[in-house]
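Reader: Hello! I work in computational chemistry, and I would love a close look at the aromatic rings and what surrounds them. Could you walk me through that part in one connected account, residue by residue?

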Amino acid sequence: MTDFNEKIIEEFRANAGKVGGPFEGSPLALLTTVGARSGRRRTSPVGYVPDGDRVLVVASNAGAPHHPAWYHNLLANPQVTVEIGTESHEATAVPAQGEERDRLFARVVRAAPGYGDYQAMTSRILPVVVLHRTHPASAAAWGRALGEELRELHGWFRQELATLRDDVEAYLGDQATAPGAGRATPQVARQLRERCLSFCEGLGRHHTGEDTVAFPHLKERFPELDQALDRLRREHAVVERLRGELQAALGTLDTGGAGQQGPDRLRADVERLASELEAHFDYEEEQLIPALNSLTGVPWPRPR
Ligand SMILES: [Fe+2]
Ligand SMILES: [Fe+2]
């Protein structure tokens, strides 16, 4: 197993994170933990699912009856290193608990159904570990321009938004064809709510980070961005309101709330949020990326 892992690690690092064989096509990260007993750093290839600025990994051990060693290690020492592609960052590993674990596991299985099979093979409840990026004190340590990070993060939200719209269409299609009272199956409704929740939570965190950390610093460093930053803040408030309306509509799916209001209403809620958000991301990137990119090497809290 060790030899096998060594080969994968070698291939990963030589190949900008791409690995063939059994791992071909599934997103793979290298996770380095500190041995709980040995105190030595150990690297393991792990499958992962991105979750905004966080990374989710499952201690599946391919469905074996015991946890993988890296899981025991991170319980003893949660400071870990994560390599994805050519990027490497420090992170704090936090195993999700209770309902949050179940919600995140469902999310992982949607992205990588194989984990559902692993869960079926063992009586262990497969732990889901959230890897939170550690915020280094200096941008120089990040090795990457901040503006490009913003673009990448927006890319993730854009992708999630597209999936959310697909899920809404799937729900409406199901609602139209389901036998009975024009009510979609609870499973489809639940999936839609989960999708919306994870997207909305991530978006809320991102905008709060911008409002409270990134924007005040940008304002100080680049007084010329004053008006743009004010507009972006106002847009955050609009997005927040639309997001609340959508979540409220989705919250009443089971009682027929959004159903009674009609499919057009639900579709309109999503489309309004989508077009506001797309325009917001475009404007924000246009206004802030040049300034953010010029900041590499300056002590600066990470914009989240
Ligand atoms: Fe924003
Ligand atoms: Fe943003």
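Author: Let's start with Tyr118, which is partly exposed, with a relative accessibility of 30%. Please keep in mind that this is a predicted model. Aromatic pairs number four in the structure. One of them joins Tyr115 to Tyr118 in an edge-to-face arrangement, with the ring centres 6.0 Å apart and the planes at 80 degrees. Both tyrosines belong to helix 4 (residues 114–121), and their spacing of three residues puts about one helical turn between them. Tyr115 has a relative accessibility of 12%, so this residue counts as buried. Next comes the pair of Phe157 and Phe199, which is also edge-to-face, at 6.2 Å between centres and 75 degrees between planes. Here the partners come from two helices: Phe157 is in helix 5 and Phe199 in helix 6, so the pair ties together parts that lie 42 residues apart in sequence. Phe157 is buried at 2% relative accessible area, and Phe199 is buried at 0%. These two phenylalanines belong to a cluster in which ring pairs link Trp156, Phe157, Phe199 and Phe281.

Rings also have charged partners here. Arg101 places its charged end over the ring of Phe105, 4.4 Å from the ring centre. Arg231 does something similar with Tyr283, lying over the face of that ring at 3.5 Å from its centre.

Now to the metals, starting with ligand 2. This iron ion is coordinated by NE2 of His154, NE2 of His206, and the OE atoms of Glu210 and Glu284, at 2.0 to 2.2 Å. In sequence, these donor residues follow the spacing H-x51-H-x3-E-x73-E. The two histidines link the same helices as the phenylalanine pair does: His154 is in helix 5 (residues 146–177) and His206 in helix 6 (residues 186–221), so they tie together parts 52 residues apart in sequence. His154 is buried, at 0% relative accessible area, and His206 is buried as well, at 3%.

What arrangement do the four donor atoms of the iron ion (ligand 2) make? Their angles run from 77 to 158 degrees, and the site is irregular. Tetrahedral would require all angles to lie between 85 and 135 degrees. For reference, the ideal angle for four tetrahedral donors is 109.5 degrees.

The other iron ion, ligand 1, takes its protein donors from Glu210 (OE), His236 (NE2), His280 (NE2) and Glu284 (OE), at 2.0 to 2.2 Å. Their spacing along the chain reads E-x25-H-x43-H-x3-E. The angles among these four donor atoms are 83 to 169 degrees, which makes this arrangement irregular too. Glu210 bridges the two iron ions, ligand 1 and ligand 2, which lie 3.1 Å apart. Glu284 is likewise listed among the donors of both ions.

Helix 9 (residues 263–293) carries His280 and Glu284, four residues apart, or about one turn of the helix. Both His280 and Glu284 are buried. Glu285 also lies in helix 9. With a relative accessibility of 12%, Glu285 counts as buried. Beyond its neighbours within four places in sequence, Glu285 is in contact with Arg151, His154, Arg158 and Pro290. One of those contacts leads straight back to the metals, since His154 is a donor of the iron ion (ligand 2).

Finally, a word on the cysteines. How many disulfides are there? The count is zero. Cys196 is in no disulfide, and the nearest cysteine sulfur, belonging to Cys200, is 3.5 Å away. A disulfide needs two cysteine sulfur atoms within 2.5 Å, and the 3.5 Å separating Cys200 from Cys196 is therefore too far for a bond. Cys196 is buried, at 1% relative accessibility, and Cys200 is buried too, with a relative accessible area of 1%.

How values were computed. Residues numbered from 1 in each chain as written. Chains lettered and ligands numbered in written order. Predicted model: local features only at pLDDT ≥ 70, side-chain atom pairs only at ≥ 80, totals over all residues. Heavy atoms only, no water. Donors = N, O, S within 2.8 Å, 3.2 Å for Na, K, Ca; no water. Tetrahedral: all angles 85-135°; square planar, octahedral: opposite > 155°, others 65-115°. Buried < 20%, exposed > 50% of the residue type's maximum accessible area, 1.4 Å probe, protein only. Phe/Tyr/Trp six-rings, centres within 6.5 Å; stacked < 30°, edge-to-face > 60°. Lys NZ or Arg CZ within 6 Å of the ring centre and 35° of its normal. Contact = heavy atoms within 4.5 Å.
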